[in-house]
Amino acid sequence: MLEVKNLDVAYGRIQVIWNLSLNIGNNEVVGVFGPNGAGKSTLINAIVGVVKAKSGEITFDGVPIHNQETHTIARGGIVVVPQNRELFPAMTVKENLRLGAAYIPHARAKMDETIEYVYSLFPILKEREKQLAGTMSGGQQRMLVIGRALMSRPKMLILDEPSLGLQPSLVTEMFQILNRIKQDDMVILLAEQNVRQGLKVIDRGYVMENGRIAMEGSIEELSEDEHIRRAYLGV
Amino acid sequence: MRNKAMLIVAAFVIAAASLPLFAGPYFLSVFNTIFVYMSLALTWDIMLRTGQLSYGTAGLFGLGAYASALLVAKAGLNPLVSIAAGGAFAGLLAFFLGFGVLRLRKIYFSITTLALTTVFSVIIRNLPRLTGGASGTVLPRALFNGDPGKNYWMIYCLALAVIAISVWLSKSKTHYAINAIRNDEITARSSGIDVFKYLLFIFVLTSTIQGVIGAFYAQQYAFVQPEATFSMNFLLLPLAMALVGGVYSTIGPVVGAVLLGLVSEYLKLIMPYGHLIVYGIIIVLVVLFMPQGITRAFAKLFTRKMQVGGVDSASLRD
């Protein structure tokens, strides 16, 4: 579904991603693991067109998207749940959700239906639908951001460290919800530092270090690898 | 509650419309000026709702004024038609300039729009054959032969139209798009919002209005001159009015314009020298102690809810 080929990304003269290739098939949940500064967020920004690739190719369903604008990519079905830039604090929960669908024609038509789906995933959002988004707790805000992303009825969901800054019980809950979204046939690209939790959701994973893919493999291969066990799982 | 508010608004609309029936030319000219600045304050605020702080208000005002004045003086166009043409000219120019300046953000956008104002005025000063150069152009006749009542009705209708546009925008799909852009442009883009398209639309819309108001102003006084027509007053006063009344709303700039317009007129009467100092102090005090504007401060007193015109106060903190 998504194919990244020989991607190079640089901020000015500082190159952050080196000759990176990865692919995500239909109905797949793929993890990208790596420490801070490995280039995970830059990779995501390049996929959704927030930063432009220096060279290389990104195709989605066979269509090259590396020269498209962010809003076109979003309408085409890739939606990202960003790490920091999150929601519109001055709008209510429901307005935030509606905004996710309002500017994407095919999602707009199914807005009410999708809202019910999002509420079924996150019942707390229904309870709080009239509250200003900025007044909710960090965990609820994170749920709202995922909900808003789902509102655009994406073909592929990209999550940038969904567990970052959440208390442990919420992290577990977050990954349970991701599992549910996965069961509804969503293609997911999950960037995480929390490899232990991430491994419970993904089908396949990549490990990124210093802007390069250091390793690629199935859950078993990753969880049995000596380097990963020591560096990420603390075993 | 809603009906009561509608009644109050209707009462104001009718009272303002009937002003020429009982007020003398002095009061009409005071309110005429207030409506000019009110319209400009609203357009400045509408642009600000997208997160772009424009300093180009005076520039597009002046362009509309010159386009309209020259069309009448050189081509003999009907003054009323020339007012529409002045707006169209400002809007068209904003459309082309938009492809450049709307790539800029924050201070770079502001400074560039300010620079454009100066550029327009310098170009006009240096085309003496066409524009009359530094001494300007005087038109043969003032709009409606200078009839204060008709001029008042004209600017009153224009101001009502701008208010209607502002209200319509705050209820439209565009409202959420530009709110989203102001809050966080990247998130707006990832929600499928074509940021440039919306910015261009708002820039062209507000510039067109500024052009129309400038054209009306030029026709009313039958006079354009670089210093006076591109005066910084057409930027700074609307800006102060919107800030004092409360930005990101329709009611804010409207109340701010009436309030500051009346206060400045009264101060001019009681102290011919130094009234601008007092005026400045009032603006500073309001901005310091009611940073959300007078309308929100009052709304808070009465309702404890910090909402005016559907725009929330939380968005002011960014």
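This passage describes the confidence, the overall form of chain B, the contact between chains A and B, and two backbone outliers.

The structure is a predicted model. Its scores are ipTM 0.79 and pTM 0.84. Chain B has a mean pLDDT of 87. In that chain, 95% of the residues reach 70 or more. Confidence varies among the elements of chain B. Helix α11 (residues 195–221) of chain B has the highest mean pLDDT, 95. Strand β4 (residues 311–312) of chain B has the lowest, 44. Over residues 305–318 of chain B, the pLDDT falls below 50. This stretch nevertheless has 33 contacts in the model beyond near neighbours in sequence. Where pLDDT is low, predicted coordinates should not be read in detail.

Chain B contains 16 helices and 4 strands. The C-alpha atoms of chain B occupy a box of roughly 55 × 50 × 40 Å along the principal axes. The radius of gyration of chain B is 19 Å. A compact globule of 318 residues would have a value near 20 Å, so the two agree. Of the 318 residues of chain B, 48% count as buried. Contacts in chain B often span long stretches of sequence: among those between residues at least 6 apart, 75% join residues at least 24 apart.

The contact between the chains draws on 21 residues from chain A and 19 residues from chain B. On the side of chain A, three elements give two or more residues each: α2 (70–76), β6 (78–81) and α3 (93–102). The largest share, 4 residues, comes from α2(A). By residue class, the side of chain A that touches chain B divides into 14 nonpolar, 5 polar and 2 charged.

Two residues stand out by their backbone angles. Most residues other than glycine have a negative phi. N27(A), which is not a glycine, has a positive phi near 60 degrees. N27(A) sits in the loop between β2 (14–24) and β3 (29–33) of chain A. N27(A) counts as exposed because it has 11 C-beta neighbours inside 10 Å, and the cut-off for exposed is 12 or fewer.

The second case is in chain B. F144(B) has a positive phi of about 55 degrees, although it is not a glycine. The loop between β1 (137–138) and α8 (148–171) of chain B holds F144(B). With 17 C-beta neighbours inside 10 Å, F144(B) counts as partly exposed, since burial requires 20 or more.

Conventions:
Residues are numbered from 1 along each chain as its sequence is written. Chains are lettered from A and ligands numbered from 1 in the order in which they are written. This is a predicted model: local features need pLDDT of at least 70, side-chain atom pairs count only at pLDDT 80 or more; totals for chains, interfaces and linings use all residues. Two residues are in contact if their C-beta atoms, placed from the backbone, lie within 7 Å. Ala, Val, Leu, Ile, Met, Phe, Trp, Tyr, Cys and Pro count as nonpolar, Asp, Glu, Lys and Arg as charged, and the others, Gly among them, as polar. pLDDT is the predictor's confidence in each residue, from 0 to 100. The radius of gyration is taken over C-alpha atoms; the globule rule is 2.2 Å times the number of residues to the power 0.38.
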